[in-house]
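Reader: I am new to this structure and would like a close look at a single part of it. Please start from one residue pair and work outward from there.

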Amino acid sequence: MKQKRLGMFRWAGSLLLASLALCLAACDSKDDTKDEAARIDLSVESLQFSDAGDSKSFNIDANCEWTITIDQSWCRIAAGNKTGSGKKNNIAVMCSANDSDDSREAVLTVKCPSDPKATKDIAIVQLGRASTVTVSKSELSFDAAPSSQTIIVASNADWTIDKPAADTWYTVAPVSGKADDVSTQVNIAVEQNETTEARSSSFDIKYTDNQTKEEKKVTVTVSQKAVVPTVELSKEKVEFLYADEASEQVTLKVQGAWKAAVSNGADWLTVDPAEGNSGEVSVTITVAANAGQATREADVVFTSMEKA
């Protein structure tokens, strides 16, 4: 009887070992399941877009089926890329143009529907509208005579004109504008160049860039030709038929500063005005009464020259 009981204990021990082996196998199976938890890896954590709107891409590496959503309508994913599984490269994100001066943000989310914990986000930032200032002409050329020209300044930023104070021979107006996207006419007017040398200057249209906050500028160059000294007279001979004091008018058209000189020491003849600058002017020639018997003559010489 004792031998039979020993046999029964040995059989029970075998059953216990078998049960323990099954338990270990089951536990190992559960650990394997935990290792296969849903996983998502993204190639980027953020994307930045210009104000003009463009397309950028990223990659997904996952061990589950996934979906993509974006919380803003101005940014989208192509229909064929909104769902998938496993790895996928070059998933394009497209943003429309931002017409505002302010930047804007969106969040792209990739998640595994089978596991709410398996979620990754990409932060999306789109810059505000870039500040621009453009001019219809950046180089202006003038003749020596007084004149003016107009340029068009188009801008979506506040701007001001910075002109050298020493260059008083030309003016610019207006000298500022607002960020209203309206084209502004700016008038540039030059005075007569009385010298025989050309002259030039430039002014800057300054503004602050909305994206970088840096000061930027557009430069406009102004040049003016030298004067070519010329003199034109409405008449080249004046006769006084009587001995009495008398006056006669002569129209003078001149380029450059000018002076009048009376020859032969004729102090009985005066010229008014006797000097001036470019333009058209009426000059009065006056003779004193002639008490003598002889006819008298004199030359009045008008000379155009460079202004001192």
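Which residue in S7 stands opposite Ser-57?

Author: This is a predicted model, and the answer below concerns that model. The residue opposite Ser-57 is Ala-92 in S7. The strands involved are S3 and S7, the latter covering residues 88-95. They run antiparallel and are joined by five bridges.

These two strands belong to an open sheet of four strands, in the order S1-S3-S7-S5. The pairing in this sheet is antiparallel. At its edges are S1 and S5, the latter covering residues 75-77, and each of them pairs on one side only. From one strand to the next, the twist averages 30°.

Two cysteines can be placed by their numbers here. Cys-75 has a relative accessible area of 4%, so Cys-75 is buried. Cys-95 is also counted as buried, because its relative accessibility is 8%.

A disulfide is found beside strand S3. A search of the whole structure finds one disulfide, and the pair is Cys-64 and Cys-112, with an S to S distance of 1.7 Å. Cys-64 lies in the loop between S3 (55-62) and S4 (65-70), while Cys-112 lies in strand S8 (residues 104-112), so the pair ties together parts that are 48 residues apart in sequence. Both Cys-64 and Cys-112 are buried.

The edge strand S1 leads to charged side chains. Asp-41 forms a salt bridge with Arg-39, and the closest N and O atoms are 2.9 Å apart. Asp-41 also meets the side chain of Lys-120 in a salt bridge, at 3.7 Å from N to O. Since Asp-41 is in strand S1 (residues 40-42) and Lys-120 is in strand S9 (residues 115-126), this pair ties together parts that are 79 residues apart in sequence. Arg-39 counts as partly exposed because its relative accessibility is 34%. For Asp-41 the relative accessible area is 34%, so Asp-41 is partly exposed. Lys-120 has a relative accessibility of 34% and therefore counts as partly exposed.

The structure holds nine salt bridges. Another of them is formed by the side chains of Glu-239 and Lys-237, at 3.6 Å from N to O. Glu-239 has a relative accessible area of 54%, so Glu-239 is exposed. Lys-237 is exposed because its relative accessible area is 63%. Salt bridges that share partners join Arg-39, Asp-41 and Lys-120 into one network.

There is also an open sheet of five strands, with the order S11-S18-S17-S13-S15 and mixed pairing. S11 (139-142) and S15 stand at the edges with a single partner strand each, so one side of each is left without a neighbour in the sheet. S11 pairs with S18 (residues 215-224) in the parallel sense, over four bridges. Leu-140 stands opposite Val-222 in S18.

Strand S13 pairs with two strands of this sheet. With S15 (residues 176-177), S13 runs antiparallel and is joined by two bridges. Here Trp-159 stands opposite Gly-177. With S17 (residues 199-208), the pairing of S13 is antiparallel over three bridges. On that side Asp-162 stands opposite Asp-204.

The side chains along S13 (residues 159-162) alternate between two faces. Trp-159 and Ile-161 point to one face and are buried. Thr-160 and Asp-162 point to the other face and are not buried.

Before S17 comes a loop that follows strand S16 (184-190), and Glu-194 has its place in this loop between the two strands. Glu-194 counts as buried because its relative accessibility is 8%. The side chain of Glu-194 makes a polar contact of 2.9 Å with the side chain of Ser-278. A polar atom of the Glu-194 side chain also lies 3.3 Å from the backbone nitrogen of Ala-257.

To return to the starting pair, Ser-57 and Ala-92 stand opposite each other, on strands that lie side by side in the S1-S3-S7-S5 order.

Conventions. Residues are numbered from 1 along each chain as its sequence is written. This is a predicted model: local features need pLDDT of at least 70, side-chain atom pairs count only at pLDDT 80 or more; totals for chains, interfaces and linings use all residues. Side-chain values use heavy atoms; hydrogens and water are left out. Buried means under 20% relative accessible area, exposed over 50%, partly exposed in between (1.4 Å probe, protein chains only). Two strands pair if DSSP finds at least two bridges between them. A polar contact is a pair of N or O atoms within 3.5 Å; within protein, one must be able to donate a hydrogen and the other to accept it, and residues adjacent in sequence count only if both atoms are side-chain atoms. A salt bridge is a side-chain nitrogen of Lys or Arg within 4 Å of a carboxyl oxygen of Asp or Glu. A disulfide is a pair of cysteine sulfur atoms within 2.5 Å. Axes are lines fitted to C-alpha atoms, for helices over the stretch in contact, and angles run from 0 to 180 degrees between N-to-C directions.
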